[in-house]
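Here is my note on the structure you asked me to look through with you. Please keep the model open beside it as you read.

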Amino acid sequence: MATTYTRPLDTASADTHVRKLQNFVGGKFVEGGKPFDVVNPATGEVHAIAHEADADIVDQAVKAARAAVEGEWGNMTLAKRRALLMRVADRIEERFDEFLEAEIADTGKPHSLAHHLDIPRGAANFRIFSDVIASLSTETFEMDTPDGGKALNYAVRKPLGVVGVISPWNLPLLLMTWKVAPAMACGNAVIVKPSEETPSTTTLLGEVMNEVGMPAGAFNVIHGFGPGSAGEKLVAHPGVRALTFTGETRTGTAIMKTAAPYVKALSFELGGKNSAIVFADADMDAAVAGLSRAVFLNTGQVCLAPERIYVERPVFDAFVAGMKAKAEALKPGLPNDEGVDFGPLISDEHRRKVLDYYALAVAEGATVVTGGGTPQLSGAAANGFFVEPTIWTGLSQDARICREEIFGPCCAVIPFDTEEEAVRLANDSDYGLASSIWTTNLSRAHRVGQAMEVGISWVNCWFLRDLRTAFGGVKMSGIGREGGVHSINFYSEPTNICIKL
Ligand code: NAD
C-alpha cells in the first residue's frame, strides 16, 4: 500500500492536506502505531501524521530484515544489487519534486538549499557506494609455514546482517542515505528510525524501494521517538547486529549503554563545537563569504558549522564588519518565497534552547554585533520558529557559549595574536569534528590544517565534500569514519581464509 493522503485529523483547516506516514515493514506500509504530529517549522502547522512503531512493529521489522538477509536480498549477485541501488538513485531524481516538497515541509528550509544540497546528495549517496563496493579488493597474504611450506591467506567481505540506522533532522535525506546506501551496498538489510521531526523523505524512500523492485525487508522504516520509543526499542533488539547513528553526543552515550550487553558494532557521528581560524594574510572577501555561509547555512543546523571563529587581531574589525553585513543581508521567510535564504529552526523547543543561549551570551558579557532575538515576520511565517542570525564578540574562551554546541545560526568571534595561540584555542574543546582555516600562506595551511584535533580540516573552504574521503569526528564528536571504503569497512566484516598449500 502506498503512502496515503488524508484529511487533517484535528488541527488544520479543511482545505489542507495532511500526509499520513506509516511504518514500512517487509515491503509494506503497515497499519498501527500511535499517531503523532509532524510540524512544518516555517509555519508551525501540522503537515503530516506519523505513526509511532510499538515493540511489535519493531520486532516485525527485525524479522523482515533478517528474512531478507537470509533470502533473495542476501543471496543476490553484486551486479544486481548495484543495479538496484543505481535505480534507487534514478528514482529519487525522477521523483525529485516530491522529495523536495516533503523535505521542505519537514524542515522549513529554503527551497534553494534543499534543491541544491539535500535531495541531490540523497541520490548521489546511492551512486557513490554502488561504485565503491564494485572497486574494492580484499587482502591476501602468502606465508611461510613451520614445516617449510606455504600457506595462503585471503579475506572475504561479509555483511553484518541487520543494521539499525538512527538519523537526525538537520539534513534528513542526506544523512540517512549516507548510511543506508553503503549498508545496503554491502548486502545488509536496514531498519531506519528517522528523526521524529523529519520522517517524510525516509517514508517516501520506502515507496521508491518498492518501485525499483527491492526485495521485501531489505529496507524498513520505523517511526517514533528516542527513549522508551522506537529508537530505544531498535537499539535494544537482540536481532540488530550493528547501529549507525548521527545525532547528539548525549544520545550517543545512551545508545552505547543500551547496546553494550549485546556488543553491537557502533558507528557514531555526534555533535561538534567547530572552530575556524582567519589569519591576517587570508583573502578577506573569501573568508567572509565562506564563513558567513558556514555559520548561517541551514540556519546553523549543520554539525560542521563553526560556532567559534578566531581572527588575527589586525583583521579582526574588518572581518566582524564583513560578517555583520552578510548576516543582515539574509532574508528569512517561507521556503518558496522569492529571495528567501534563511529558514527557521527545526522546532519551538529548539528555538527556546537557542534563545536561551542568546540570553546566556549577554549574561556572559558578549557584545551583540548583530541579531540576538527573533525576527518580525508576517503572514504564515509569523508562527514559524525563526531566530535572528547572531554574532558575538567580547566572549572569553571559557564562556559556555564557546564550549557547548548551540546548533543555531550564531558564532563568537575572538581575536588572537600568534599562530600557536590560534591552534591552542581551536583545539581547546571537548569536541573535534571539523575546522576551517583561512590563509594564503601555503606552509601555514598544511601546518595548521594538520595540527587541528578534528576529523575534517578544511583550508580556504568549508563543507567541500568528496564522498570517497574519511568523514567523522575525534574526541566526543564520534566513533569511526564514514565515506568511501571507511563506510564499507564498518558495514561489512572480513573472514580470513587460511589455506595450507
Ligand atoms: P538527537 O540525538 O536528538 O536525535 C537523533 C536521533 O536519535 C533521532 O532519530 C532520535 O529520535 C533518536 N534518539 C534519541 N534518543 C534516542 C535513544 N535513547 N535511543 C535511540 N534513539 C534515540 O539529534 P538531533 O537533535 O536529531 O540532531 C542534532 C544533533 O546531531 C547535533 O548534536 C548535531 O551536531 C548532530 N549531528 C552530527 C553530525 C555528524 O556528522 N557528526 C551530522 C548531523 C548532525
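The numbered points below go through the ligand and its surroundings, and then through several single residues.

1. Before anything else, please bear in mind that this is a predicted model, and that the residue numbers used here run from 1 along each chain.

2. I would begin with the ligand, around which 30 residues are gathered. The closest of these are K193, E196, T251, L270 and E405, and you may find it helpful to pick out these five in the structure before you go on to the contacts. The space that the ligand takes up is the largest pocket.

3. Which kinds of residue make up the shell around the ligand, when they are sorted by class? There are 15 nonpolar residues in the shell, together with nine polar and six charged ones. As for the elements they come from, α7 (230–236), β12 (242–246) and α8 (249–259) each provide at least two residues of the shell. The element that gives the most is α7, which contributes three residues.

4. Several atoms of the protein come within polar contact of the ligand, and they are worth taking one by one. The side chain of K193 has an N or O atom that is 2.6 Å from an oxygen atom of the ligand, while in S167 a backbone N or O atom lies 2.9 Å from an oxygen atom of the ligand. With L270 the partner on the ligand is a nitrogen atom, and a backbone N or O atom of L270 lies 2.7 Å from it. Taken alone, the ligand would expose 840 Å², and the protein buries 93% of that area.

5. Two residues deserve a look for their backbone angles. F463 is not a glycine, and yet its phi is positive, at about 60°; this residue is found in the loop between β21 (456–459) and β22 (474–475). Is F463 buried or exposed? It counts as buried because its relative accessibility is 12%, and the limit for that label is under 20%. In space, the C-alpha of F463 is 9.2 Å from that of A434, although the two residues are 29 apart in sequence.

6. The second of these residues is K475, whose phi is also positive, near 50°, in a residue other than glycine. K475 has its place in strand β22. With a relative accessible area of 36%, K475 is partly exposed.

7. Next I would turn to S429, which lies in the loop between α12 (419–427) and β19 (431–432). The side chain of S429 reaches the backbone nitrogen of Y431 at 3.0 Å. Because its relative accessibility is 10%, S429 counts as buried.

8. The loop between α7 and β12 holds P238, and here the accessibility gives another label, since P238, at 57%, counts as exposed. P238 and A259 are 21 residues apart in sequence, and their C-alpha atoms are 8.9 Å apart in space.

9. How far apart in space are V62 and A189, from C-alpha to C-alpha? The distance is 9.1 Å, even though 127 residues separate V62 and A189 in sequence. V62 lies in helix α1 (residues 55–70), and because its relative accessibility is 4%, V62 counts as buried.

10. My last point concerns A50, found in strand β6 (residues 45–52). A50 counts as buried because its relative accessibility is 0%. The C-alpha atoms of A50 and V311 are separated by 46 Å, and these two residues are 261 apart along the chain.

Key. This is a predicted model: local features need pLDDT of at least 70, side-chain atom pairs count only at pLDDT 80 or more; totals for chains, interfaces and linings use all residues. Side-chain values use heavy atoms; hydrogens and water are left out. Helices (H or I, at least four residues) and strands (E, at least two) are DSSP runs, numbered from the N terminus. Buried means under 20% relative accessible area, exposed over 50%, partly exposed in between (1.4 Å probe, protein chains only). A residue is near a molecule or strand if one of its heavy atoms lies within 4 Å of it. A polar contact is a pair of N or O atoms within 3.5 Å; within protein, one must be able to donate a hydrogen and the other to accept it, and residues adjacent in sequence count only if both atoms are side-chain atoms. Accessible areas come from the Shrake-Rupley method with a 1.4 Å probe; for residues, only the protein chains shown count as cover. On a 1 Å grid over the protein atoms alone, a cavity is a set of points where a 1.4 Å probe fits but cannot get out, and a pocket is an open set with protein on both sides within 12 Å along at least five of seven lines; lining residues have an atom within 4 Å of a point. A molecule sits in a cavity or pocket if more than half of its atoms lie within 2 Å of its grid points. Ala, Val, Leu, Ile, Met, Phe, Trp, Tyr, Cys and Pro count as nonpolar, Asp, Glu, Lys and Arg as charged, and the others, Gly among them, as polar.
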